[in-house]
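Please look through the sequence and the three-dimensional structure shown here, and then read the report that follows with both at hand.

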Amino acid sequence: MNLRGLRYFAAVAQARSFTKAASRLNVAQPAVSRQVQKLEKDLGVDLLKRSKIGVELTGAGDFFLRRALPLLVELDQAKELLSHQSKAQVKDIIIGLTTGEGLAIAPMLINRWAEMFPASKLKIIEGLVPLIYSGLKDKTINIGVAPEPLMFEGIWTKPLFREPLVLISPHKVGHTIPTLDQIDITDIKSLLLLPLIAPSMPNPLRAKIEDLATTYNVKANISVEVDSMPIIKDLVKRGRGYALTTYAHLTNEIKHDMVKVFSLEPIGLWRNVCLFGPLAKNNTIENSLAINFIEGLLLDTVKANLWPGASILKED
């Protein structure tokens, strides 16, 4: 049984005539007859009653037609989608996301991608920024979304919006950890002297902390260095110290009141969230439908207030 036989049978059944079906298909009538006969032989049943005045469906033919037509429609739709995406050059894509960005956009991204590009596969890799950059360089990742990406050769970066940094604190600190009522967290120097749990360099968050320390001529008090935001949050909850992060990382913690959260927006501590990827030939940014789609989705997420505390950057 082949697809051509199904199409020819459906055409004959609907036209109630081999001659009319052959005309609509723009195929010679003997070719239509041979395909239908082959289909009947493959199925082991007669699908049509043939007579001098035309053809009629047998019981088996009616049963088969009602199940074959939806299949043919779906196949035609799939062919059209594949053709459209082939012309638009939308291929399978692998996106690198850091944890906070993944929590904020991954569910919506997966759903919207499936609606927009159903014939293209989307794969998401979650990791720290250095891992995402490494993937871009060795072509195991096509595009990345991360905060304040560091500049690497051969990588383009496009800042899209900013989000405020927050300080997270345990509800109960350990005996050796200073409490927040002992310092002024609106003073950046005092903030940096808190025992901070932070990722190592070159993580963008750690780079932000070190830049602040340099600006305010103070050494940041990094008490524990951990390259995992889930572990950092867990250590804070256990009273081991404080941490800087963003609202995007704290959806579950805020919902269940697991930590105290203090916005640092009043003292101007923000970071940009960027889209980035490998430069195309001649050091240009690839202008693809997929990249434009992801950029639009990120901006729509902010406009709809689905990215906590975020605001779109004004274009120069």
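## Salt bridges, a pocket and some unusual residues

At 25% relative accessibility, Glu-210 counts as partly exposed, because the buried class ends at 20% and the exposed class begins over 50%. The model is a predicted one, and every value in this report is computed from it.

Glu-210 is a good place to begin, for it forms a salt bridge with Arg-206, in which the closest N and O atoms are 2.8 Å apart. Both residues belong to helix 8, and because they are 4 residues apart there, about one helical turn separates them. Arg-206, with a relative accessibility of 10%, counts as buried. Arg-206 also forms a salt bridge with Glu-225, and here the closest N and O atoms are 2.6 Å apart. This second pair links distant parts of the chain, since Arg-206 is in helix 8 whereas Glu-225 is in strand 8 (residues 222-225), 19 residues apart. Glu-225, at 48% relative accessibility, counts as partly exposed. Through salt bridges that share partners, Arg-206, Glu-210 and Glu-225 are joined into one network.

How many salt bridges does a search of the whole structure find? The search finds 9 of them, and one that lies elsewhere in the chain is the contact between the side chains of Arg-50 and Glu-40, with an N to O distance of 2.9 Å. Arg-50 lies in strand 1 and Glu-40 in helix 3, so the pair ties together parts that are 10 residues apart in sequence. As for their surroundings, Arg-50 is partly exposed, with a relative accessible area of 40%, while Glu-40 is buried, with a relative accessible area of 8%.

The table gathers the three salt bridges described above.

| Salt bridge | N to O distance |
|---|---|
| Arg-50 and Glu-40 | 2.9 Å |
| Glu-210 and Arg-206 | 2.8 Å |
| Arg-206 and Glu-225 | 2.6 Å |

Helix 8 comes up again when we turn to the pockets. The second largest pocket has a volume of about 240 Å³. Of the 21 residues that line this pocket, those closest to its centre are Thr-98, Leu-128, Asn-203, Met-229 and His-249. Three elements give two or more residues to the lining, namely helix 5 (99-116), helix 8 (204-215) and helix 9 (229-237). Which of the elements gives the most to this lining? Helix 9 does, with 3 residues. Sorted by class, the lining of the second largest pocket has 10 nonpolar, 7 polar and 4 charged residues.

On the surface, Met-1, Leu-43 and Val-45 make a nonpolar patch of about 250 Å². Val-45 lies in the loop between helix 3 (29-43) and strand 1 (48-51), and with a relative accessibility of 35% Val-45 counts as partly exposed.

The backbone deserves a careful look as well. Most residues other than glycine have a negative phi. Against that background, Arg-16 has a positive phi of about 60° although it is not a glycine. Arg-16 has its place in the loop between helix 1 (3-15) and helix 2 (18-25), and Arg-16 is partly exposed, with a relative accessible area of 42%. Asn-217, which is not a glycine either, has a positive phi of about 55°. Asn-217 is found in the loop between helix 8 and strand 8, and Asn-217 is exposed, with a relative accessible area of 70%.

Finally, two pairs of residues show how separation along the chain can be set beside distance in space. Pro-159 and Phe-276 are 117 residues apart in sequence, yet their C-alpha atoms are 8.5 Å apart in space. Pro-159 lies in strand 6 (residues 155-169), and Pro-159 is partly exposed, with a relative accessible area of 42%. In the other pair, Phe-117 and Lys-91 are 26 residues apart along the chain, and their C-alpha atoms are separated by 9.0 Å. Is Phe-117 buried or exposed? Phe-117, which has its place in the loop between helix 5 and strand 4 (122-126), is buried, with a relative accessible area of 2%.

Key:
Residues are numbered from 1 along each chain as its sequence is written. This is a predicted model: local features need pLDDT of at least 70, side-chain atom pairs count only at pLDDT 80 or more; totals for chains, interfaces and linings use all residues. Side-chain values use heavy atoms; hydrogens and water are left out. Patches are made of residues with over 30% relative accessible area and no salt bridge: like charges are joined within 9 Å, nonpolar side chains (Val, Leu, Ile, Met, Phe, Trp, Tyr) within 5 Å. Accessible areas come from the Shrake-Rupley method with a 1.4 Å probe; for residues, only the protein chains shown count as cover. A salt bridge is a side-chain nitrogen of Lys or Arg within 4 Å of a carboxyl oxygen of Asp or Glu. Buried means under 20% relative accessible area, exposed over 50%, partly exposed in between (1.4 Å probe, protein chains only). On a 1 Å grid over the protein atoms alone, a cavity is a set of points where a 1.4 Å probe fits but cannot get out, and a pocket is an open set with protein on both sides within 12 Å along at least five of seven lines; lining residues have an atom within 4 Å of a point. Grid points are joined across faces, edges and corners, and a volume is the space filled by probe spheres set on the points. Ala, Val, Leu, Ile, Met, Phe, Trp, Tyr, Cys and Pro count as nonpolar, Asp, Glu, Lys and Arg as charged, and the others, Gly among them, as polar.
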